[in-house]
Amino acid sequence: MSINKDIAILGAGPAATTLAIRLCRQGYKVVLFATPEHAPILVGESLVPMIVPMLQDLGVEQEVATYSVYKPGACFTYHADEIFQFRFDETPSDLPSYAYNVPRDKFNKTLLEAALKAGAKWVERKVVLSRVDETDRIALDAASLHAAAGFWTGSAPDLIVDAAGRVNLIGRVLGIPMQPGPRQDVALFAHVDTTELVDSGYVHNDRMDQGWCWRIPLPGKVSLGYVVPESYALQHGNSAAEQYDNLLKNDSVLRQLAPHAQRLTPVLRFNNYQSISARHCGDNWVMLGDAGGFVDPVFSSGMLIAMHSANQLADTLIQAQPLSVYEQTIQNHLQAWFEIVGFYYDGRLMSSIKVGMDMPDNIVNRLIYKWVSSHISRIFSGAAASHPFSLQLLRFLVTYGLKQSNPAVYQIK
Ligand SMILES: Cc1cc2nc3c(=O)[nH]c(=O)nc-3n(C[C@H](O)[C@H](O)[C@H](O)COP(=O)(O)OP(=O)(O)OC[C@H]3O[C@@H](n4cnc5c(N)ncnc54)[C@H](O)[C@@H]3O)c2cc1C
């Protein structure tokens with residue numbers, strides 16, 4: 001691929017701004033096209049340790065730490081008396097032993113400011129895209145080109161990056177299919193004043209009567225979201241707010257976890273978010289972050305995939321490699337997360353962890369358990385999907401390591 005240095009990025013979320021910072025540092029001319037965010041709250045608040053070195057590289061970790069909650073681990077509750085806790089500092093790893101729970105509006109602002117400081121230009125408008133004749137090329141509308149005039153070396157960008165999230169701008173224009181995931185859940189999301197917490201920094205994942213919920217401690221409040229089958233949500237009302245509030249009162253698990261919770265925000269609802277684009281790049285375009293695919297919120301992998309793919313794309317462009325190299329890496333990463341998430345929903349992941357925990361206590365078992373758990377903990381740190389050996393080991397464990405256990409005990413309905 002020739003070295004294209006005039007770049008248009010659609011969107012100003014974490015994928016867009018991470019890419020912008022990396023490319024500006026190498027002398028690229030980057031224009032971000034996006035309007036200010038209007039949603040009252042944004043999902044993507046729980047980060048994993050693998051993101052921390054990225055924040056350090058972008059020079060923003062200290063600022064992020066000032067308004068975020070320090071996250072030392074994660075816990076998964078199946079019954080009131082059965083809670084699996086995973087602390088990032090308990091298993092040896094080359095990654096930091098912590099992450100953050102971030103208010104997303106502030107996090108986006110920090111990254112956008114860092115991108116502008118690095119030299120990117122922000123054009124406050126939504127572009128209109130079109131296909132160029134019968135080709136695989138995309139064009140920006142004249143008004144958008146006019147708004148960026150003089151910033152690029154040429155009159156139009158060499159590369160258009162769709163980082164506008166799940167609206168999937170380029171895929172819609174070119175008619176590129178999205179591969180749906182196996183689950184057809186809905187997610188209902190709001191902030192509340194308080195819930196019970198196992199640890200004031202953990203991301204909490206709890207199995208509900210049907211589906212599961214997250215509790216993410218944020219400064220002065222808790223993000224509480226449910227991921228449930230659509231039929232279960234519909235039993236509790238028509239609007240998102242009715243469903244959210246009624247589930248809070250009626251689901252037996254939520255009643256225990258958040259008995260005094262008062263909702264502080266409107267309720268946002270998400271459907272059909274498990275999907276991967278059939279293509280990620282073309283002649284003069286590429287998809288980044290959620291625009292190319294998103295798997296499931298359960299392991300807080302979305303922000304990692306968004307920022308990791310931004311770094312992968314930056315490396316690909318800077319090293320003048322074909323975009324197909326980037327495409328293959330991203331496809332592999334997304335497919336790996338699909339598989340890992342599947343082990344969570346069918347109960348095999350927790351079942352195999354439980355078998356490991358219940359092994360007779362002797363020196364050999366302790367060594368085996370320590371070694372295996374260092375690989376399993378890579379799921380919770382975000383690294384498993386990009387470490388082939390950890391993924392292989394996980395596949396082995398959930399296939400052959402279940403002994404007499406019954407994965408249905410940990411299945412998510
Ligand atoms: C229910 C749910 C819970 C989640 N929880 C977590 C979590 O706890 N942890 C985690 O890591 N991930 C989580 N995620 C995923 C995470 O939110 C996303 O993966 C992440 O935000 C993707 O970043 P992005 O930059 O690709 O897209 P986004 O963050 O969506 O950013 C896209 C940007 O593009 C802008 N835009 C939209 N349309 C246009 C347009 N036409 N032109 C220009 N700009 C446009 C938007 O305003 C936005 O600013 C969750 C997802 C869901 C659905």
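**Domains, helices and ligand shell of the predicted model**

In this predicted model, the C-alpha centres of domain 2 and domain 3 lie 29 Å apart. The domain assignment of the protein chain divides it into domain 1 (6-68 + 103-179 + 275-337), domain 2 (185-271) and domain 3 (347-410), so that domain 1 is written as three segments of the chain, whereas domain 2 and domain 3 are each given as one range. The secondary structure comprises 14 helices and 19 strands. The radius of gyration of the protein chain is 22 Å, which is close to the 22 Å given by the globule rule for 413 residues, and the chain is therefore as compact as a globular protein of that length. Along its principal axes, the C-alpha trace spans about 65 × 50 × 40 Å, and 47% of the 413 residues count as buried. Among contacts between residues at least 6 apart in sequence, 74% join residues that are at least 24 apart.

The ligand is surrounded by 34 residues, of which Gly-13, Gly-44, Gly-165, Gly-289 and Gly-302 come nearest. Two or more residues of this shell are supplied by each of helix H1 (14-24), strand S12 (185-192) and helix H10 (302-318), and H10 gives the most, with four residues. When the shell is sorted by class, it holds 21 nonpolar, nine polar and four charged residues. In terms of domains, at least three residues of the shell come from domain 1 (6-68 + 103-179 + 275-337), and at least three come from domain 2 (185-271).

Helix H1, one of the elements that contribute to the ligand shell, is mostly covered, since 11 of its 11 residues are buried. These buried residues run from Pro-14 to Cys-24 and include Thr-17, Thr-18 and Arg-22. The cover over the buried residues of H1 includes strand S1 (6-10), S2, H2, H4, strand S10 (159-162) and H10.

Helix H4 (residues 104-118), which is named in the cover of H1, has 15 residues and reaches 21 Å from its first C-alpha to its last, close to the 21 Å expected at 1.5 Å a residue. The buried residues of H4 are Phe-107, Asn-108, Thr-110, Leu-111, Leu-112, Ala-114 and Ala-115. As a general matter, an α-helix has 3.6 residues a turn, so residues three or four places apart point the same way. The cover over the buried residues of H4 includes H1, strand S2 (29-33), helix H2 (52-58) and helix H3 (61-67). Directly after H4 comes Gly-119, whose phi is positive, near 120°.

A positive phi is also found at two residues that are not glycines, namely Asn-272, where the angle is about 45°, and Ser-300, where it is about 50°. Asn-272 is located in the loop between S16 and strand S17 (275-277), while Ser-300 is located in the loop between strand S19 (293-294) and H10. Asn-272 is classed as partly exposed because 14 other C-beta atoms lie within 10 Å, whereas Ser-300 is classed as buried because 24 other C-beta atoms lie within 10 Å.

Pro-266 occupies the loop between helix H9 (252-257) and strand S16 (268-271). With 14 other C-beta atoms within 10 Å, Pro-266 is partly exposed, the cut-off for a buried residue being 20 or more. When residues up to four places away in sequence are not counted, Pro-266 touches Pro-40, Ala-190 and Ala-241. Between Pro-266 and Phe-33, which are 233 residues apart along the chain, the C-alpha atoms are separated by 27 Å.

Ser-351 lies in helix H12 (residues 348-357), and it counts as buried because it has 22 C-beta neighbours inside 10 Å. Leaving out residues up to four places away in sequence, Ser-351 touches Leu-402, Ser-405, Pro-407, Val-409 and Tyr-410. Although Ser-351 and Lys-403 are 52 residues apart in sequence, their C-alpha atoms are 9.4 Å apart in space.

Note on methods. Residues numbered from 1 in each chain as written. Predicted model: local features only at pLDDT ≥ 70, side-chain atom pairs only at ≥ 80, totals over all residues. Near = placed C-beta within 6 Å. Nonpolar A, V, L, I, M, F, W, Y, C, P; charged D, E, K, R; others polar. Rg over C-alpha atoms; globule rule 2.2 N^0.38 Å. Buried ≥ 20, exposed ≤ 12 C-beta atoms within 10 Å, placed from the backbone. Contact = placed C-beta atoms within 7 Å. Expected span 1.5 Å × (residues − 1).
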